[in-house]
Amino acid sequence: SMTNEYYKKSCLETDWSEKVMNQKIKNLSKVILSFDKGRGADIVVFQEIENINVMKLLIKRGLAKSGYKYTALIEGPDTRGIDVGIMSKYPIKSTKLHKISLAPHSTRTTRGILEAKIKIRKRFVTVFANHWPSQGNIDETRELASLVLKNAAMKVKSGLVVATGDFNTLHDDLPHGINNNILPVFEDVEVRARRVKDVAALGTHWYRGKWTSLDKIFVLKSSLSKTAQVDHKSYEILNHKFMLRDLEWTNRDTGNTEISSDIPHRYNSQSGEGFSDHLPVAIKFTL
């Protein structure tokens, strides 16, 4: 019943064997542990993951010695079975999925926003995991997602509040969900970080010759205090050489064949090479 031929072919012809999955676990583990001198982030948010079982397999088979003990994923309404998930070295005390209705702009279903309350020693951090509707949807659908996030975040009564993920929002979105609803109450840590340090990567996602930062980390301004601060100089878009590749592609505007260097190397299930078509973002907070 799939109408998208690309997804249909992928579904019918990709052999997700145990061997293929283990190779992807190995590759992703290498990326995760490339942050903070091999330790990996205390909290990792995934934008596209099938279920909580594969996240637990990632920990068991790839990250067993890295301190990850806790996972969060609530099955959402995405018809392809794609969800957002969180793994943490600290206890996840509660979770909630905020569903996003795209009506009246679309009849499609989309991933919800996963809220997780995490206890770090005597303090709490609330993390919102996002993967907003893609650019294949009209801009109004992402504004609906922004309102769900804003309303949920404003209800958190205490502790640091962080929202992260793939927000799929371009600068020319109109209406612009991030500008209209997120930035008035959240800080975009990448913007502040670029003022105080050299961020080598041009963005987190490459498409047809252009870089964009679809992937963001936001912190709720009202949750910052003397005891909860952002270390802007620690901000990274992870772009290690092993994660990148050269790509030959056809420029649709000119019809010319071009070669672009150092773009994200997405995973290829047949060769076992690659990682993701997005680059991860990371930052440290001081509690």
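What percentage of the 287 residues of the protein chain count as buried? Here are a few friendly notes on that and some other points, bearing in mind that this is a predicted model.

1. **Burial and surface.** The answer to the opening question is 46% of the 287 residues. The accessible surface of the protein chain adds up to about 16000 Å², and carbon and sulfur atoms contribute 49% of that area.

2. **Overall dimensions.** Taken along the principal axes, the C-alpha atoms occupy a box of roughly 55 × 45 × 40 Å. The radius of gyration is 19 Å, which agrees with the value near 19 Å for a compact globule of 287 residues.

3. **Fold content and contacts.** You will find six helices and 15 strands in the protein chain. If you take the contacts with a separation of 6 or more, 66% of them are between residues 24 or more positions apart.

4. **Asn168.** This residue sits in the loop that runs between β7 (160-166) and α5 (177-182). Asn168 has a relative accessibility of 8%, so it counts as buried, the cut-off being under 20%. Its side chain reaches the backbone oxygen of Trp132 at 2.9 Å. Trp132 is also one of the residues that Asn168 touches once those up to four places away in sequence are set aside. The others in that list are His131, Pro133, Ser134, Gln135, Arg142, Asp173 and Leu214.

5. **Ser213.** Another loop residue to look at is Ser213, placed between β10 (210-212) and β11 (215-220). With 18% relative accessibility, Ser213 counts as buried because the cut-off is under 20%. The side chains of Ser213 and Glu190 are joined by a polar contact of 3.1 Å. Leaving out residues up to four places away in sequence, Ser213 touches Leu202, Gly203 and Thr204 as well as Glu190. If you would like a distance to check in your viewer, the C-alpha atoms of Ser213 and Lys93 are separated by 31 Å, and these two residues are 120 residues apart along the chain.

6. **A patch at the N-terminal end.** Which residues form a nonpolar patch on the surface with about 320 Å² of accessible area together? They are Met2, Tyr6 and Tyr7. Tyr6 belongs to helix α1, which covers residues 5-13. The relative accessible area of Tyr6 is 57%, and because exposed means over 50%, Tyr6 counts as exposed.

Definitions and conventions
Residues are numbered from 1 along each chain as its sequence is written. This is a predicted model: local features need pLDDT of at least 70, side-chain atom pairs count only at pLDDT 80 or more; totals for chains, interfaces and linings use all residues. Side-chain values use heavy atoms; hydrogens and water are left out. Helices (H or I, at least four residues) and strands (E, at least two) are DSSP runs, numbered from the N terminus. Buried means under 20% relative accessible area, exposed over 50%, partly exposed in between (1.4 Å probe, protein chains only). A polar contact is a pair of N or O atoms within 3.5 Å; within protein, one must be able to donate a hydrogen and the other to accept it, and residues adjacent in sequence count only if both atoms are side-chain atoms. Contact means heavy atoms within 4.5 Å. Patches are made of residues with over 30% relative accessible area and no salt bridge: like charges are joined within 9 Å, nonpolar side chains (Val, Leu, Ile, Met, Phe, Trp, Tyr) within 5 Å. Accessible areas come from the Shrake-Rupley method with a 1.4 Å probe; for residues, only the protein chains shown count as cover. A salt bridge is a side-chain nitrogen of Lys or Arg within 4 Å of a carboxyl oxygen of Asp or Glu. The radius of gyration is taken over C-alpha atoms; the globule rule is 2.2 Å times the number of residues to the power 0.38.
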